[in-house]
Amino acid sequence: MTWLDLPADHPFGITNLPYGVFSTPGSEPRVGTRIGDHVLDLGACAEKAGMESYAVWQQPSLNAFLGLGRPAWTSAREWLVEALTNPAMRDCVEPYLLAAADVTMHLPIEVADYVDFYASEQHATNVGRIFRPDSEPLTPNWKHLPIGYHGRAGTVVVSGTDVVRPSGQRKPPTESEPVFGPSVRLDIEAELGFIVGGATQLGSPVSVAAADDHLFGVVLLNDWSARDIQAWEYVPLGPFLGKSFTTTISPWVVTTEALRSARVPLPGQTNPTPLPYLQGEATDDGAGTAYGLDITYEVEWNGTVVSRPPYSSLYWSPAQMLAHMTVNGATLRNGDLFGSGTISGAEKEQRGSFLELSWSGQEPVTLDDGSERTFLEDGDTVVLRATAPGPDGTTISLGECVGTIRPAR
Ligand code: MN
């Protein structure tokens with residue numbers, strides 16, 4: 001165990017070790033890891049310890065580290081565990097531990113390309129019923145490919161950044177012409193975000209089995225969505241201004257390695273069986289290379305937990321999403337981010353958007369203070385939290401993803 005005075009069940013224990021970018025007053029943002037209630041200044045510590053590639057951690061984003069690829073990520077984690085468990089390294093490491101409460105967290109990556117998927121069958125079914133009540137809820141392509149769209153990388157922000165209510169066109173059902181103004185149906189989407197590294201060459205697809213070489217880690221992601229703008233604009237090319245105003249991610253990137261014990265088989269893909277390029281291979285842990293993740297969310301609205309979406313219910317694996325995203329030869333860049341799509345389980349209290357929770361505004365949600373909500377009001381705060389099982393009975397925290405709504409400008 002670690003030489004740090006740390007309870008064995010701490011959600012940022014030695015089995016977690018997420019990466020993020022932090023600063024202290026008067027210092028430049030740089031890479032750190034979270035251990036217990038501390039942040040380790042990785043670049044300074046690694047330089048002192050004589051580690052060769054310390055300079056990638058003295059950058060204001062994880063992108064340089066992401067560019068080193070899987071073998072370097074694995075050896076960095078081994079070094080980090082050694083540094084925090086070997087008592088002989090304590091004197092070298094301890095001076096670089098800072099109180100987590102004293103640091104400011106920044107966006108962990110310079111976001112390269114951003115894609116958002118739609119991988120939850122229950123979410124896609126609910127949205128289909130709400131947006132297209134006269135058709136089949138799932139489109140004919142849904143179980144053949146992970147549906148996605150390219151989003152706006154430049155408006156991805158770190159947890160804690162205010163969300164300004166977007167204005168745009170919407171067409172109220174009672175009107176014959178569209179109107180312009182602040183969105184009146186502002187919503188959340190509770191998602192998992194995947195951080196990609198190990199850039200690829202144009203024209204070189206990445207298989208499902210090789211996807212883990214590029215899946216560095218995960219963050220919590222809130223894909224804020226203006227449903228009224230979205231409903232009017234999305235036909236026939238998909239989401240645009242109803243999504244691109246802000247996307248919030250959590251500051252700590254929990255690595256794929258830390259989530260090894262959270263791998264679970266997918267709920268099932270037999271009817272239909274996906275095309276061969278989307279099929280994974282068997283692995284020793286039984287979850288396959290197309291795996292799911294046992295991550296449980298909490299969605300808190302102004303202090304009331306209104307939903308607990310289970311990530312394990314998602315139809316498509318992150319490895320399948322990555323393989324599909326590159327099957328046409330599109331490159332991966334260091335710092336790419338892709339979202340899973342809203343996570344919704346089968347039960348009402350597992351829905352990952354307020355569109356679904358309030359069934360398009362028809363069934364208001366009552367908060368603990370007695371107030372009722374359908375969509376977000378100015379001043380409302382939403383917190384996403386999530387945990388996953390770690391090795392040896394430990395719990396891995398994914399931290400928090402927070403945003404507060406400010407009035408339209
Ligand atoms: Mn989304």
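# A tour in questions

Visitor: Which strand is the place of Thr247?
Guide: Thr247 belongs to a strand that covers residues 247-249. Strands are DSSP runs of E with at least two residues, helices are runs of H or I with at least four, and both are numbered from the N terminus. The strand with Thr247 in it is β16.

Visitor: Before we go on, what kind of model is this?
Guide: Residues are numbered from 1 along each chain as its sequence is written, and side-chain values use heavy atoms, with hydrogens and water left out. Local features need pLDDT of at least 70, side-chain atom pairs count only at pLDDT 80 or more, and totals for chains, interfaces and linings use all residues, because the model is predicted.

Visitor: Back to Thr247: does it count as buried or exposed?
Guide: The cut-offs are simple: buried means under 20% relative accessible area, exposed means over 50%, and partly exposed is in between (1.4 Å probe, protein chains only). Thr247 has 1% relative accessibility, so it counts as buried.

Visitor: And which residues is Thr247 in contact with?
Guide: Contact means heavy atoms within 4.5 Å. Let's leave aside neighbours within four places in sequence. Then the partners of Thr247 are Tyr114, Thr155, Val156, Val157, Leu221, Asn222, Asp223 and Trp224.

Visitor: Which residues are the protein donors of the manganese ion?
Guide: Donors are N, O and S atoms within 2.8 Å of the metal (3.2 Å for Na, K and Ca), and since water is not among the atoms, sites may look incomplete. Here the protein donors lie 2.1 Å from the manganese ion. They are Asp116 (OD), Glu189 (OE), Glu191 (OE) and Asp223 (OD).

Visitor: What spacing do the donors of the manganese ion follow along the chain?
Guide: Take the donors in chain order, with each x number giving the spacing between one and the next. The pattern reads D-x72-E-x1-E-x31-D.

Visitor: How many residues apart in sequence are the parts that Glu191 and Asp223 tie together?
Guide: Glu191 lies in strand β13 (residues 190-196), while Asp223 is in the loop between β14 (215-222) and β15 (225-226). Both Glu191 and Asp223 are buried. The pair ties together parts whose separation in residues is 32.

Visitor: Which residue meets Asp223 in a salt bridge?
Guide: A salt bridge is a side-chain nitrogen of Lys or Arg within 4 Å of a carboxyl oxygen of Asp or Glu. For Asp223 the N to O distance is 3.2 Å. The partner is in the loop between α6 and β16, so the pair ties together parts 20 residues apart in sequence. That partner is Lys243.

Visitor: Which residues are linked with Asp223 in a network of salt bridges?
Guide: Lys243 and Asp223 are both buried, and both belong to the network. Besides Asp223, the network links Asp187, Glu189, Arg227 and Lys243.

Visitor: What area is buried between domain 1 and domain 2?
Guide: The chain is divided into domain 1 (19-105) and domain 2 (114-406), with bounds that come from an automatic or database domain assignment. Buried area is the accessible area (1.4 Å probe) that two parts lose on being put together, summed over both. Carbon and sulfur atoms give 64% of it here, and the total is about 1500 Å².

Visitor: Which three residues supply 41% of the area that domain 1 buries against domain 2?
Guide: No other three residues supply more of the area that domain 1 buries against domain 2. The trio is Tyr19, Leu66 and Arg70.

Visitor: Which residue does Arg70 meet in a salt bridge?
Guide: Arg70 is in helix α3, and its partner sits 187 residues apart, in the loop between β17 (254-255) and β18 (263-265). Arg70 counts as buried at 14% relative accessibility, whereas the partner is partly exposed at 23%. The N to O distance is 3.6 Å, and the partner is Glu257.

Visitor: How many residues of helix α5 are buried?
Guide: Helix α5 runs over residues 121-131 and is mostly covered. Its buried residues, including His123 and Phe131, pack against α6 (227-233) and α8 (354-357). Out of 11 residues in α5, the buried ones number eight.
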